[in-house]
Amino acid sequence: MLNIALIGNPNTGKTSLFNNLTGTYQYVGNWSGVTVEKKVGIIKNKKGNLIDLPGVYSLSPLSKDEAVVSNFFVTESFDGIINIVDASQIERNLLLTLQLLEFEKPVIIGMNMTDVAKRRGITINEQKLSEKLGVPVVPVIARSGKGTATINDLLTDDLKVDASFTLNYGPIIEESIDQIIDLLPANLSIPKRWTSIQLLEGNAEVKKYIESLVAGAGIDSIIQATNEQIADETAATNTSKWIYSVRKAFIEELIQTSVVTEESENKSLTDKIDKIATHPFLGIPIFLATMFLMFKLTFDWLGIPLSDILDGFISGSLTTWITNGLNTVGASDFIKAVVLDGIVAGVGGVLVFVPQIFILFLLISFLEDSGYMARAALVMDRTMEMVGLNGKAFIPMIIGFGCNVPGVMAARTIETPRERMLTILLTPLMSCSARLPVYALFVGAFFAKYQALVVFSLYVLGIVVALTLAKIFSSTILKGEFSMFVVELPPYRMPQGKALLRSTWDKGKGFIKKAGTFIFGGSVLIWLLSYSGPAGFDVPMDDSFLAMIGNVLAPILAPLGFGTWQAGASLITGFLAKEVVVSAMNIIYHVPNADSLQGLLSNEFSALSAFSFMVFVLLYVPCLATVATIRKEAGSAKWTWFSVGYALVIAYVLSLVIYQGGKLLGY
Amino acid sequence: MIFNIVFGALIFGYAGWAVFRHIKKSKQGKCAACSLAKNCETKCDSVSS
Amino acid sequence: MLLTQLNKGERATIIDLSLVNESVRRRLLDLGISEGSQVCLQCKLPFKGPCMVENCGQSLGIRLQDASYIKVEKTC
């Protein structure tokens with residue numbers, strides 16, 4: 001089995017190529033840092049595994065997602081590299097290519113985005129480039145999969161090893177390289193020349209690895225001496241700059257022989273859209289308007305009509321069929337109760353909201369694919385800077401609207417540890433799709449005319465609370481001066497219909513899968529708790545175990561406007577997955593469909609307490625999966641507990657203020 | 001009668017298993033509704049220092 | 001002159017990056033921007049917000065503060 005690593009600059013289409021080569025589907029988007037984790041797939045020709053890695057500009061990491069790559073190079077064994085190169089930015093892409101060639105493993109270069117390059121007047125002679133570098137160069141179009149067959153053919157059992165590539169860095173560096181090689185352990189698993197160059201360049205991950213193998217300051221002193229010598233004897237001020245300039249000179253020569261550039265000064269579509277999207281004053285209003293439109297579409301225009309149809313089907317025909325079926329086979333009352341009151345109510349109650357969730361995912365996918373994400377980061381940077389974050393932190397937050405787990409992981413692209421920690425802690429305040437069914441249920445019952453507006457206000461509330469807390473945390477417990485923001489703005493792209501549907505389906509199918517597994521199971525258990533009590537089975541629900549559990553919380557929740565055992569019990573179940581709050585309510589109120597549940601809820605809640613409840617659900621605690629991810633990403637139990645604790649406190653306080661304040665105002 | 005027992009056992013068995021598996025997976029930080037498919041090898045320990 | 005002193009749409013050559021913060025400079029180098037690179041100031045966001053700079057067809061956003069440490073020379 002071959003292990004092939006896929007490496008390239010951020011946003012050059014690595015994951016698109018990965019999907020085409022393996023026939024699987026992984027998350028793609030149009031911004032730098034979509035992939036933050038190593039992913040493995042089996043190549044279609046069954047010759048081996050393909051490993052997709054986060055995009056990097058060089059092998060010296062600045063952020064955590066880049067560290068994944070450096071770490072991969074030093075600690076894992078692999079047989080070859082596919083280096084994907086963005087033809088329209090060939091110069092800086094080749095800087096990475098040179099470092100890969102020095103690793104003495106077979107390399108195949110996939111030349112992507114030649115169409116974009118051509119439009120910009122850049123034509124690349126792949127053959128010449130291939131001769132100069134001594135490796136195959138294959139033109140590909142990663143999005144459509146053109147050229148992948150050629151790469152597939154090249155991935156054979158005996159990958160051609162042409163490890164002859166060496167770049168001469170001049171007498172000073174070459175001497176230091178030789179000196180370092182002598183000090184490296186003889187059985188080092190990674191190429192010694194590459195290791196030495198990386199050490200001289202100041203690659204922190206490689207340094208950490210080597211220090212774990214050999215003790216002693218010998219290498220350090222060579223690096224230092226080289227640095228001084230470079231500063232004294234050359235125009236460069238330090239070693240890494242010198243190395244950079246040697247590589248750059250080599251690339252320039254390479255480009256002169258194998259790339260033809262013509263001047264083309266036509267304004268692209270991107271420039272035109274950018275004029276509006278990052279307009280000095282309209283930028284933020286446009287972002288908010290885009291979001292509001294999303295909710296209009298999700299609720300008023302498309303989502304509600306569709307979910308009404310679904311609701312009619314589930315509570316009507318489907319229930320009738322199931323009842324008839326159970327009667328024919330002679331099921332007992334107990335079985336009928338668990339199926340109809342438990343499973344159909346619980347799972348059906350959540351499935352009803354599938355249309356809304358899919359529309360939301362479709363819109364998020366559109367934003368991701370179009371190239372708007374990086375612009376949103378740019379537009380938000382000034383605001384984020386004021387609260388002690390940077391614009392890049394906004395991207396994990398938008399991803400968090402889909403699901404908080406990938407949102408928290410996306411924080412890896414943030415360079416400074418302090419800002420990354422802040423982002424990890426605050427992303428769970430973004431209203432994820434699992435909370436949507438709860439809102440949909442309540443706005444349908446209490447705010448029928450203003451559904452989109454009310455849900456929009458909740459999302460905005462999440463953002464506002466996150467920014468406020470960012471300010472508080474960054475001026476108290478997470479203090480620090482340094483903050484940086486450099487973001488690559490990719491050209492806009494019209495998302496392709498097929499890719500868009502694919503990406504939407506991929507996000508949404510998890511929701512349906514969850515309905516069939518966990519929500520199913522949760523519904524049955526909740527039903528069982530509501531059906532049984534200290535007095536035995538089939539007890540009145542107010543005497544059930546579930547009521548007992550809910551009653552513990554009810555007095556605490558009373559000041560917030562929903563001090564019933566029903567609300568308490570459903571909130572507890574929400575910790576495992578927020579959709580279950582809706583399942584639990586369906587089961588507890590024991591009604592056949594969402595319409596009648598909404599009718600019943602209006603007896604139990606007022607519009608004000610309903611809003612207070614929604615705010616509480618928005619903020620109260622990240623779900624179990626998110627908590628576990630925070631634990632891993634933050635690498636600290638203390639911060640994990642903190643994230644749960646502060647969320648509970650802020651949810652309680654805000655709901656209290658909203659409910660009591662609203663009462664004072666006479667609502 | 002036999003149908004009732006078998007069907008009941010099936011439902012509760014599956015429900016218990018589904019909940020158990022969900023909690024186990026969640027504890028690893030995997031979320032069914034997110035895009036990180038099964039072939040994501042989360043090795044976060046290696047990057048969080 | 002400084003990068004921030006350019007007007008919208010003006011082109012310039014970068015002559016000195018040494019005052020820029022180390023990490024920011026690393027990122028700029030990663031993106032192919034070093035001394036001698038041709039840049040064009042595409043726009044500046046209000047309230048001292050970040051600015052958009054173009055280099056070889058690649059746009060990027062950097063903070064005004066960082067941009068004000070970049071010395072440039074107008075090309076035309």
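Which residues of chain A form one aromatic cluster with A:Phe442? The other members are A:Phe446, A:Phe562, A:Phe605, A:Phe613, A:Phe616 and A:Tyr620. The model is predicted. This briefing covers its aromatic contacts, its second largest pocket, and a few individual residues.

**Aromatic contacts**

- Over all chains, a search of the whole structure gives 34 aromatic pairs. One of them joins A:Tyr531 and A:Phe537, with 6.2 Å from centre to centre and 40° between the planes.
- This pair of A:Tyr531 and A:Phe537 counts as tilted, because the class takes angles that are neither under 30 degrees nor over 60.
- The two partners differ in exposure: A:Tyr531 is buried at a relative accessible area of 14%, whereas A:Phe537 is exposed at 56%.
- A ring in chain A also has a charge over it: the charged end of A:Lys105 sits over the ring of A:Phe78, at 4.7 Å from the ring centre.

**Second largest pocket**

- The volume of the second largest pocket is about 650 Å³.
- Its lining consists of 29 residues. Those nearest the pocket centre are A:Ser60, A:Glu201, A:Gly202, A:Ser240 and C:Arg26.
- Two or more lining residues come from each of α3 (90–101), α8 (192–201), α9 (204–213), α10 (218–233) and α11 (239–258) of chain A, and from α1 (22–30) of chain C.
- The element that gives the most to the lining is α1(C), with six residues.
- Sorted by class, the lining holds 10 nonpolar, 10 polar and nine charged residues.
- Within chain A, domain 1 (2–154) and domain 2 (171–261) each supply at least three residues to the lining.

**A residue in helix α10**

- A:Gln229 is located in helix α10 of chain A, an element that gives two or more residues to the lining of the second largest pocket.
- With a relative accessible area of 30%, A:Gln229 is partly exposed, because this value falls between the 20% and 50% limits.
- A:Gln229 and A:Val405 are separated by 176 residues in sequence and by 48 Å in space, C-alpha to C-alpha.

**Positive phi outside glycine**

- A:Asn11 is not a glycine, yet its phi is positive, at about 55°. This residue is in the loop between β1 (2–8) and α1 (14–22) of chain A.
- A:Asn11 counts as buried, with 16% relative accessibility.
- C:Lys48, also a residue other than glycine, has a positive phi near 60°. Its place is the loop that runs between β2 (38–44) and β3 (51–55) of chain C.
- C:Lys48 counts as exposed, with 63% relative accessibility.

Terms used
Residues are numbered from 1 along each chain as its sequence is written. Chains are lettered from A and ligands numbered from 1 in the order in which they are written. This is a predicted model: local features need pLDDT of at least 70, side-chain atom pairs count only at pLDDT 80 or more; totals for chains, interfaces and linings use all residues. Side-chain values use heavy atoms; hydrogens and water are left out. Rings of Phe, Tyr and Trp (its six-membered ring) pair if their centres lie within 6.5 Å; planes under 30 degrees apart count as stacked, over 60 as edge-to-face and the rest as tilted. Buried means under 20% relative accessible area, exposed over 50%, partly exposed in between (1.4 Å probe, protein chains only). A charge sits over a ring if NZ of Lys or CZ of Arg is within 6 Å of the ring centre and within 35 degrees of the ring normal. On a 1 Å grid over the protein atoms alone, a cavity is a set of points where a 1.4 Å probe fits but cannot get out, and a pocket is an open set with protein on both sides within 12 Å along at least five of seven lines; lining residues have an atom within 4 Å of a point. Grid points are joined across faces, edges and corners, and a volume is the space filled by probe spheres set on the points. Helices (H or I, at least four residues) and strands (E, at least two) are DSSP runs, numbered from the N terminus. Ala, Val, Leu, Ile, Met, Phe, Trp, Tyr, Cys and Pro count as nonpolar, Asp, Glu, Lys and Arg as charged, and the others, Gly among them, as polar. Domain bounds come from an automatic or database domain assignment.
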